[in-house]
Each structure stands twice: as structure tokens, then as C-alpha cells.
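Got your viewer open? Load the model, pick a cartoon view, and let's walk through it one selection at a time.

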Amino acid sequence: LEDIISNAQRVIPLSEQAIISLYDEKKGHLVTRRRLIPGQKSHETTPIAIRPGEGITGRTFSTGEARLYATSQEITEARANLRAENLEQFLKTTRGRMPTSTIAVPLKSADRTLGCMMFHSFGQRAFTPHDLELAQAFAGHAAVAISNAALYDDLQRRSKDLTSLVEASRIVTNSLDLDKVL
């Protein structure tokens with residue numbers, strides 16, 4: 001995730017903050033996993049649990065549609081249903097500043113939405129439709145990487161399970177008394 005978010009900010013240079021949130025199927029909400037501010041190392045952030053449909057992140061996840069929020073007013077309206085504790089946590093990550101422009105893009109792999117990426121600008125300049133296109137292209141590649149990493153982790157887990165099963169079978173087989181078995 002660190003490489004993904006670092007490269008994302010290189011693709012969208014106006015971004016002053018980039019955030020990746022991934023959907024946790026067991027908990028039924030999105031969890032903010034990484035955030036990056038230029039000039040700082042990407043780091044895991046205090047998880048913010050966002051329900052599907054809640055705020056810009058939840059709406060992006062639910063609709064599966066990318067969107068450019070070019071003004072503070074659009075951002076304020078879009079986050080109107082954000083729970084107070086989530087807004088408070090977000091403001092901690094931005095040092096109390098609200099974005100003046102935001103890009104929200106879903107992370108989709110095959111027919112599934114894995115989460116979303118957010119890019120925030122706090123300055124005078126707003127993101128452009130071209131920035132949105134770049135973010136969408138990048139999100140497509142990022143989603144494939146995230147999906148492949150999840151598949152790899154699953155294969156590693158299954159490999160360990162099979163190795164344990166083979167070892168258990170070997171122990172049981174070696175402990176059998178051949179005369180009693182025959």
C-alpha cells in the first residue's frame with residue numbers, strides 16, 4: 001500500500017494528501033489504511049471506520065463512480081452525512097483544514113469494488129478533469145495490485161495449512177503400529 005499511495009501522489013502532483021480506504025467484509029465498513037502528505041513517508045493512519053454510503057468515501061464505494069469535487073461547497077454537501085467521530089478523526093489527519101478540492105475514485109478489480117482512493121488539495125488551485133482521469137487510470141492499476149496481493153496472501157495461508165496437514169499425516173502414519181494395522 002505504501003508504494004501505491006506514494007506513486008499515486010506522483011501521478012496527481014496537486015494532491016496534498018492521498019488516502020486509501022479498503023472495504024472490510026467481516027466488519028461491513030471501509031477502513032482507512034494509508035495516508036500520505038508530500039514530503040512525509042506514507043504511514044498507516046488511525047483507522048476510520050466508514051460505512052458504505054457515508055461521506056465522500058462511502059458514497060464512492062457504494063456507487064463505484066469516480067468524482068471530482070472542485071469546490072469547498074461541493075465537499076461540504078457531499079460529507080453532510082459523515083458521522084461526527086469520523087469528521088473529527090479526518091480533521092486530525094489534516095491538522096484542522098478542510099480540502100478545497102477532492103478527487104474520489106473507487107478501487108475496482110473485476111466486478112468487485114475493493115475500496116477507494118481520495119486525493120485532497122487544500123490550496124487555491126482545484127483539481128481538473130484531467131487529474132480525475134489520471135486518478136482513475138491509476139486506481140485501476142492499484143486495484144489489480146491490491147487484488148493480486150490479497151490472492152498471494154491467501155495462497156500463502158493455504159500453503160501453510162497444507163504443509164501442516166501433510167506434517168500431521170506423516171506423524172500419524174509414522175506412529176501406526178504396522179502389526180496392529182494388519
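What pattern of helices and strands does the protein follow, read along the sequence? Colour by secondary structure and trace the chain: α-β-β-β-β-α-β-α-α-β-β-α-α. That comes to six helices and seven strands. Keep in mind that this is a predicted model.

**The whole chain**

Keep everything selected for a moment and switch on the surface. The protein exposes about 10700 Å², and carbon and sulfur atoms supply 54% of that. Of the 182 residues, 40% count as buried. If you like contact maps, take those contacts with a separation of 6 or more: residues 24 or more positions apart account for 58% of them.

**Strand β1 and its partner**

Next, select residues 17-24, which is strand β1. Is this strand mostly covered or mostly open? It's mostly covered, with six of its eight residues buried.

Now add residues 112-121, strand β7. How many bridges join β1 to β7? You'll find six, and the two strands run antiparallel. For one pair to click on, go to isoleucine 20: its bridge partner in β7 is methionine 117.

**Arginine 112**

Stay on β7 and pick arginine 112, which is found in that strand. Is arginine 112 buried, partly exposed or exposed? Its relative accessible area is 45%, so it lands in the partly exposed class, because that class lies between the 20% limit for buried and the 50% limit for exposed.

Show the side chain as sticks and look for company. Leaving aside neighbours within four places in sequence, arginine 112 is in contact with Glu25 and Leu107. Zoom in on the glutamate: a polar contact of 3.3 Å joins the side chains of arginine 112 and glutamate 25.

One more distance to draw from here: go C-alpha to C-alpha from arginine 112 to serine 147. The two are 9.9 Å apart in space and 35 residues apart in sequence.

**Threonine 32**

Last stop: select residues 29-36, strand β2, and find threonine 32 within it. Why does threonine 32 count as buried? Its relative accessibility is 7%, and buried means under 20%. Turn on its side chain along with that of serine 21, and you'll see what joins them: a polar contact of 3.4 Å.

For a parting view, put both polar contacts on screen together: arginine 112 with glutamate 25 at 3.3 Å, and threonine 32 with serine 21 at 3.4 Å.

Definitions and conventions: Residues are numbered from 1 along each chain as its sequence is written. This is a predicted model: local features need pLDDT of at least 70, side-chain atom pairs count only at pLDDT 80 or more; totals for chains, interfaces and linings use all residues. Side-chain values use heavy atoms; hydrogens and water are left out. Buried means under 20% relative accessible area, exposed over 50%, partly exposed in between (1.4 Å probe, protein chains only). Helices (H or I, at least four residues) and strands (E, at least two) are DSSP runs, numbered from the N terminus. Two strands pair if DSSP finds at least two bridges between them. Contact means heavy atoms within 4.5 Å. A polar contact is a pair of N or O atoms within 3.5 Å; within protein, one must be able to donate a hydrogen and the other to accept it, and residues adjacent in sequence count only if both atoms are side-chain atoms. Accessible areas come from the Shrake-Rupley method with a 1.4 Å probe; for residues, only the protein chains shown count as cover.
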